[in-house]
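Here are a few exercises to work through with the structure open beside you. Try each task yourself, then check the steps below it.

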Amino acid sequence: ETDLSVTRHVAEIEPGVTQGQMAEALRRRDLPLLFNATGAGAATSLLGNSLERGVGYFGLRTHDLSDLEVVLGTGEILRTGPAVLSKDAKTRLHYPHGLGPSLDGLFFQSNLGVVTAAGFRLIPRRACHGTLIAKLRSEDQLTAFVDALADIRRQGLVESVLHVGSPNRVRVTLSPLVYRAFLAQGSPPSAKLRQRVETLVRENFQETWTAVGPIFGTTGQVEAARAEITERLTGLAEVTLISERALEDEQADPLSQTMIRPLTELCHGHPTDGALDSPHWSLGKEPLSNPAALDSTETGLRF
């Protein structure tokens, strides 16, 4: 179950609430909120992933949880945060630390109790949300590229996580998306189509390391951040900022849309199953009819 608070920017969730259900709840109520989505698919648990220290596109999921309700091995129910004093405490969900030592960390990647409910942080939608894509120009500059991205993050030009993918990571992430798009248009599955798709991805992403992350704020803030980031990465990377408006442009190139949409959806807080084809594709296998059924196959997953 999920209880949303617009004024406090938090949802109270129980086990089983998925990324997809949270996104649908926000959409259905037309709330000006989003959340820290991960690439793990729409059917994955918010609570389970957060307790395992998952990483989304807006930061660490450990920072999203507060006010835990935990069943201990003795059968006792423990509440963390201000609810230690009272489950009706007015500061509950406002000040997650409560009074005295913080107990929350005991239950992350832990078997000391079963978490049955928690507060989950929501993020206010800003006037402008863009997706930053920075493509490294030369692999021998990778160290300088990562150092520059880290400095950009420390300076607050980007408030969120910057995901940096190797050429192979880019290939196995984007190629199955384009492949599925061709199948939907009527192309028969084949090794030849697979080769064509990988060539298209290589041509568009230049076989290089690529950083992706969201930039948000007022229109002026986003534009100023884009200009500053572009200047700092001059000579290192090609910088592009994809706006939400560009995604809705009917004149945009369909192939480019196919490749960038899953990246931008995650950066805008929308869960997608787009990345779940990657393990299968990397082993030369056909994408599954249902990407979320990956755990029923013999394909392993390495993180």
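**Exercise 1: strand partners**

Find which residue of β6 stands opposite S66, and work out how β4 sits between its partner strands.

Solution. Keep in mind that you're looking at a predicted model.
- Start at S66: the residue facing S66 is G119 in β6.
- Now widen the view to both strands. β4 and β6 run antiparallel, joined by six bridges.
- Turn to β5 next. β4 pairs with β5 as well, again in the antiparallel sense, this time over three bridges.
- Finish at the turn: β4 and β5 make a hairpin with four residues between them, and G75 in that turn has a positive phi of about 95 degrees.

**Exercise 2: a pair across the hairpin**

Work out which residue of β5 stands opposite E69, and how far apart the closest N and O atoms of their salt bridge are.

Solution.
- Opposite E69 you'll find R79 in β5.
- Check the charged ends: R79 and E69 form a salt bridge, with the closest N and O atoms 3.2 Å apart.
- Look at where they sit. R79 belongs to strand β5 (residues 77–79) and E69 to strand β4, so this pair ties together parts that are ten residues apart in sequence.
- Now the surroundings: R79 has 28% relative accessibility, so it counts as partly exposed. E69 is partly exposed too, at 23%.

**Exercise 3: short reach, long reach**

Compare the salt bridges R27–E24 and D64–R121: where in the chain do the partners lie, and are they buried or exposed?

Solution. Some background first: side chains of opposite charge can pair when their charged atoms come close.
- In the R27–E24 bridge, the closest N and O atoms are 2.6 Å apart. Both residues are in helix α1 (residues 19–28), and because they are three residues apart there, about one helical turn separates them.
- R27 is exposed at 53% relative accessibility, while E24 is partly exposed at 30%.
- Don't stop at two residues: E24, R27 and R28 are linked in a network of salt bridges.
- Now D64 and R121, whose closest N and O atoms are 2.7 Å apart. This pair links distant parts of the chain, 57 residues apart: D64 is in the loop between α2 (46–51) and β4 (65–72), and R121 is in strand β6 (residues 113–121).
- D64 is buried, with 2% relative accessibility, whereas R121 is partly exposed at 30%.
- For the whole model, the count comes to eleven salt bridges.

**Exercise 4: two cysteines and two cores**

How many disulfides does the structure hold? Once you know, explain the answer for C128 and find the nonpolar core that includes C128.

Solution.
- The structure holds zero disulfides.
- For C128, the nearest cysteine sulfur belongs to C267 and is 13 Å away. A disulfide needs the two sulfur atoms within 2.5 Å, so a gap of 13 Å rules this pair out.
- Check burial: C128 counts as buried at 17% relative accessibility, and C267 is buried at 0%.
- On to the cores. The largest nonpolar core has 49 residues, and within it M22 and L122 touch the most other members. Helix α4 (residues 167–184) supplies the largest share of this core, seven residues.
- Apart from that one lies another core, of 20 residues, and here is C128, along with others including L136, V222 and V239.

Definitions and conventions: Residues are numbered from 1 along each chain as its sequence is written. This is a predicted model: local features need pLDDT of at least 70, side-chain atom pairs count only at pLDDT 80 or more; totals for chains, interfaces and linings use all residues. Side-chain values use heavy atoms; hydrogens and water are left out. Buried means under 20% relative accessible area, exposed over 50%, partly exposed in between (1.4 Å probe, protein chains only). A salt bridge is a side-chain nitrogen of Lys or Arg within 4 Å of a carboxyl oxygen of Asp or Glu. Helices (H or I, at least four residues) and strands (E, at least two) are DSSP runs, numbered from the N terminus. A nonpolar core is a set of buried Ala, Val, Leu, Ile, Met, Phe, Trp, Tyr and Cys residues joined through side-chain atoms within 4.5 Å. Two strands pair if DSSP finds at least two bridges between them.
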